[in-house]
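I opened my notebook to look up ring pairs and cysteines in one structure. These are my entries.

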Amino acid sequence: MSETIAFKPESLAQVHKIIARYPEGRQKSALLPVLHLAQKEFGGWLDVPVMDYVAGLLSIKPIEVYEVATFYTMFNMKPVGKYVLEVCRTGPCMVCGSEKILDHIRTKLNIKDGETTEDGMFTLKPAECLGACGYAPMLQLGKFFHENLTIEKVDEILDLCRQGQLALD
């Protein structure tokens, strides 16, 4: 991370547009979308200086940013791989085999929960309810859900990622 942290001009314009949606004195309401922009622009994770920068832009205390960023699993507090595999592990997914899916990914990629592969390609991130209970087990990869998972489907997803053929946005 560089010494000076600043959004690119086009991103900063977007931040100001987001802040303008809310009444004066309520700029904290812009925190979630601004954190998403920050995570995307500053390497896929939120380092403390980045969160401090966001706090300054929103005229709130840094602790208010830390509380939100550490609460939601969609924000990364350390560097992650190009592909973040968020596997749901709550009730319906567990009943339908998500633990088997998690074990397979752990073994195949030789990583534990929260770790990133040595090549920086994959991070495994068990998640709490991703809201697709009827399609369990499932995982989220970028903005996309991959549902009704089997070991074979997981292997296909990993292969497509390695080939750069799977979209994240």
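The entries below take aromatic pairs first and cysteines after that.

Before starting, I noted that this is a predicted model, in which local features need pLDDT of at least 70, side-chain atom pairs count only at pLDDT 80 or more, and totals for chains, interfaces and linings use all residues. Residues are numbered from 1 along each chain as its sequence is written, and side-chain values use heavy atoms, with hydrogens and water left out.

Aromatic pairs. I used this rule: rings of Phe, Tyr and Trp (its six-membered ring) pair if their centres lie within 6.5 Å; planes under 30 degrees apart are stacked, over 60 edge-to-face, and the rest tilted. I got five aromatic pairs this way. One of them is Phe 42 with Tyr 53, edge-to-face at 6.3 Å centre to centre, with 90 degrees between the planes. I found both Phe 42 and Tyr 53 buried (under 20% relative accessible area; exposed is over 50%, partly exposed in between, with a 1.4 Å probe and protein chains only). I also saw that ring pairs join Phe 7, Phe 42 and Tyr 53 into a cluster.

Cysteines. I took a disulfide as a pair of cysteine sulfur atoms within 2.5 Å. The count came to zero disulfides. For Cys 93, the nearest cysteine sulfur is that of Cys 88, 3.6 Å away. Cys 93 is buried, at 2% relative accessible area. Why is Cys 161 without a bond? Its sulfur is 18 Å from the closest cysteine sulfur, in Cys 93, which is too far. I noted Cys 161 as buried too, at 1% relative accessibility.
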